[in-house]
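Hello,

I am passing on the structure we spoke about. Please open it before reading the notes underneath.

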Amino acid sequence: MENVNDPLEHAIGERVRQLRTEQALTLDDLATRSGVSRAMISRIERGEASPTAQLLAKLCSALGTTLSALFAFDVKDSSPIARRAEQRLWRDPESGYLRRSVSPEGVGSPVDIVEVEFPPRARVVFERQPADRGISQHLWLFSGRLELTMEDGSHLLEAGDCLFMGVEEAHVFHNPYDEPAHYAVILCRTKV
């Protein structure tokens, strides 16, 4: 998707470039690892494109990081408190879901908490990402209903339900209902 000069998109692009260069990867290397075209990666790095959640998940997996870590920019003075007004927000340009990074940045915790507002009728598909082996998540639904399809079948979640899953398996988030779904994702990195 085209970018309308969003500062967060520029910061995401800079972060992708930083992670790529720290690993001595060329654009072609990252394209091969991620399955994302070299041209698209270049546009993202220049802040000229608004990447979708699915595309960012591919890049994060190829870079050995998570979306939460990708959104943790410029942490100079870490604090054990993440004030709501300072928590980073990002909206997926394709589905419209809103993602809030709740966890304090730069504290070195293997756990990340993310709050999500998932719009009515929205759908997001995440392909299998073997590089994400060792990263698990709990999805805790606060309100609404959400269908989650994974490799072992589908699950209908209702308010109060909590689902545990590995991040590496393919999964689809779908809200076929007329009301939004509101949930938290608690990610845990256990891989070395």
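Below is what was found, starting with the sheet, then the nonpolar core, then one serine.

Please keep in mind that this is a predicted model.

The sheet is open and has six strands, in the order E1-E2-E3-E10-E5-E8, with antiparallel pairing. Strand E1 (89-91) and strand E8 (162-166) sit at the edges, each pairing on one side only. From one strand to the next, the twist averages 20 degrees. Within this sheet, strand E5 (residues 135-143) pairs with strand E10 (residues 181-189) in the antiparallel sense, over eight bridges. To find the pairing on screen, start from His-138, whose bridge partner in E10 is Ile-186.

The largest nonpolar core has 46 residues, of which Phe-118 and Tyr-183 touch the most other members. Helix H4 (residues 53-63) gives the most to this core, with eight residues. Leaving out residues up to four places away in sequence, Phe-118 touches ten residues by name: Tyr-97, Arg-123, Val-124, Leu-146, Phe-173, His-174, Asn-175, Pro-180, Ala-181 and Tyr-183. As general background, nonpolar side chains in soluble globular proteins tend to be buried together.

The serine is Ser-34, in helix H2 (residues 27-34). Its relative accessible area is 9%, which is under the 20% cut-off, so Ser-34 counts as buried. The side chain of Ser-34 reaches the backbone oxygen of Leu-30 at 2.7 Å. Apart from neighbours within four places in sequence, Ser-34 is in contact with Ile-41, Lys-58, Leu-59 and Ala-62.

Regards

Conventions: Residues are numbered from 1 along each chain as its sequence is written. This is a predicted model: local features need pLDDT of at least 70, side-chain atom pairs count only at pLDDT 80 or more; totals for chains, interfaces and linings use all residues. Side-chain values use heavy atoms; hydrogens and water are left out. Two strands pair if DSSP finds at least two bridges between them. Helices (H or I, at least four residues) and strands (E, at least two) are DSSP runs, numbered from the N terminus. Axes are lines fitted to C-alpha atoms, for helices over the stretch in contact, and angles run from 0 to 180 degrees between N-to-C directions. Buried means under 20% relative accessible area, exposed over 50%, partly exposed in between (1.4 Å probe, protein chains only). A polar contact is a pair of N or O atoms within 3.5 Å; within protein, one must be able to donate a hydrogen and the other to accept it, and residues adjacent in sequence count only if both atoms are side-chain atoms. Contact means heavy atoms within 4.5 Å. A nonpolar core is a set of buried Ala, Val, Leu, Ile, Met, Phe, Trp, Tyr and Cys residues joined through side-chain atoms within 4.5 Å.
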